[in-house]
Amino acid sequence: MPMASLLLLLLLVLLIIPLSVLLALRLLVRPRTINIPIRGRHVFISGGSSGIGLSLAHQAASAGASRVTILARSVAKLEDARDSIRRATGADISAFSADVRDFDAVKKAVDAAGPVDVLICNHGVFAAQDFETQDLEVAKFMVDVNLMGTLNLIKAALPTMRRSRPQRGPGSIAIMSSQAGQVGLHGLAAYSASKFGLRGLGEALQQELIEYGIHVSLIFPPDTETPGLVEEKKRRPEVTSILVGYSSAMQADDVARKTLNGIKSGTFTIPCNLDGLMLAIATAGLSPQRSFLIAFVEVILAGLMRLVGLCYLWTWYNLIERWHAKQEQSQLKWNV
Ligand SMILES: NC(=O)c1ccc[n+]([C@@H]2O[C@H](COP(=O)([O-])OP(=O)(O)OC[C@H]3O[C@@H](n4cnc5c(N)ncnc54)[C@H](OP(=O)(O)O)[C@@H]3O)[C@@H](O)[C@H]2O)c1
């Protein structure tokens, strides 16, 4: 066979294989693509008085939501947030004070707010500490607020959300996880436990709600500059800071933008930066995927991302080993 024909054959094979995989994935991926508008909808945001939630509320209002409802505990912070969003956007903003751990209080607020189109379960608390020295009450607090609080909020909003779908169009339940909900990190044991749980919740819920036109999203931000992070950093163990220091913190506005864009396209896993995208590919598992293009990237890069992940683990375990060695040395100096 002449060289030119051989090259043409090789090129065809090289093109046909990926194109066939793309075609197969186009038929395979579920659920189907969807468009969930923000304009003209009622967007309900827990933890909407601070940080990422406050940015989300501002952006949803700017994007033309007919109504934005925020829920948190502190009345003073809620009022400040409501007034600042009203001043900036002129939008219709409601604020409710409730602790997400209290189902009855959450239900009362959700019922008073009226049918929700986009529910963003964003509230959250985080305290980094070695699990052995962390007070069990602190660990329980994180699980109660982050995991049980999200279950309470969804349970309270779901009946009316579901009933109103035929008249109001597709709805969304977006759950704020964290990169600590994709990978466990030294000092974040209880927080990670609460955030990993949200993924199971989201995956199961998506199967239960797909027939009713409710689409689930999970957001996985890295460290993000917010009042919550400022507080957490004051007590963060040194070794956690060293490990987290490898990726840079995002701005709350950027995380909020990624979140709203992801919600609009019904994306199940919403990463917020390049690290997050790699983490999403490495931990894709059986998470729903609507985009055949992203599914293609997941299929092609799965092995490579595992290799990258192993390199990260190698670095982290080395850093942890070195940190312990340094601690032991300074201990010895003190004892001399
Ligand atoms: N910042 C980060 O680095 C980062 C990274 C990854 C993921 N996240 C996640 O992103 C979400 C928002 O974090 P953030 O950094 O924006 O936090 P933040 O600035 O501390 O804001 C947290 C919000 O949640 C509300 N909240 C806390 N506990 C509540 C409760 N029991 N009931 C009702 N509302 C409650 C707070 O208001 P009240 O205190 O008045 O109740 C506040 O509005 C959280 O789920 C967090 O886990 C954050």
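**Notebook: helices, loops and a ligand shell**

I began at Gly213, which I found in the loop between α7 and β6, taking helices (H or I, at least four residues) and strands (E, at least two) as DSSP runs numbered from the N terminus. I am working on a predicted model, in which local features need pLDDT of at least 70, side-chain atom pairs count only at pLDDT 80 or more, and totals for chains, interfaces and linings use all residues. Residues are numbered from 1 along each chain as its sequence is written.

Is Gly213 exposed, partly exposed or buried? I use buried for 20 or more other C-beta atoms within 10 Å of a residue's own, exposed for 12 or fewer, and partly exposed for anything in between, with C-beta atoms placed from the backbone. Gly213 is partly exposed, because 17 other C-beta atoms lie within 10 Å. Leaving out residues up to four places away in sequence, I noted that Gly213 touches Arg165, Pro170 and Gly171, where a contact means that two C-beta atoms, placed from the backbone, lie within 7 Å. I also looked up Gln331, which is 118 residues from Gly213 along the chain, and the two C-alpha atoms are separated by 60 Å.

Next I took the overall picture. The protein has 12 helices and nine strands, and its C-alpha atoms fill a box of roughly 80 × 75 × 35 Å along the principal axes. Buried residues make up 37% of the 336 residues. Among contacts between residues at least 6 apart in sequence, 75% join residues at least 24 apart.

I then turned to helix α1 (residues 3-28). Its 26 residues should span 38 Å at 1.5 Å a residue, and the end C-alpha atoms are 37 Å apart, which agrees; the expected span is 1.5 Å times one less than the number of residues. The count of buried residues in α1 is zero, so I wrote the helix down as hardly covered. In the loop between α1 and β1 I found Pro31, which is joined to Arg30 by a cis peptide bond with omega of about -5°. As a general matter, most peptide bonds are trans.

Helix α5 (136-163) took up the next page. I compared its reach of 40 Å from first to last C-alpha with the 40 Å expected for its 28 residues, and the two are close. The helix bends by about 40° at Ala157, with Pro159 following within four residues; the bend is the angle between axes fitted to the seven residues ending there and the seven starting there. The buried residues of α5 include Met142, Asn146, Gly149, Leu153, Ala157 and Met161. Against what do they pack? I listed β1 (42-46), α4 (103-113), β4 (118-121), β5 (171-176), α7 (189-209) and β6 (214-220).

Just past this helix, Ser164 has its place in the loop between α5 and α6 (165-168). Ser164 counts as partly exposed because it has 16 C-beta neighbours inside 10 Å. Ser164 and Tyr212 are 48 residues apart in sequence, while their C-alpha atoms are 9.7 Å apart in space.

Which residues come nearest to the ligand? Of the 30 residues around the ligand (C-beta atom, placed from the backbone, within 6 Å of it), I noted Gly47, Gly51, Arg73, Gly124 and Gly228 as the nearest. The elements giving two or more residues to this shell are α2 (51-62), α5 and α8 (227-235). By class I recorded 10 nonpolar, 15 polar and five charged residues, with Ala, Val, Leu, Ile, Met, Phe, Trp, Tyr, Cys and Pro as nonpolar, Asp, Glu, Lys and Arg as charged, and the others, Gly among them, as polar.

Last, I looked toward the end of the chain. In helix α11 (residues 274-282) the buried residues are Gly276, Leu279, Ala280, Ile281 and Ala282, and what covers them includes β6, β9 (269-271) and α12 (292-335). An unreviewed UniProt entry annotates residues 292-317 as "transmembrane region"; such positions are given in the numbering used here, feature names are shortened, and annotations may be inferred rather than shown by experiment. Over residues 292-317 I found the chain to be 100% helix and 0% strand, with the end C-alpha atoms 35 Å apart.
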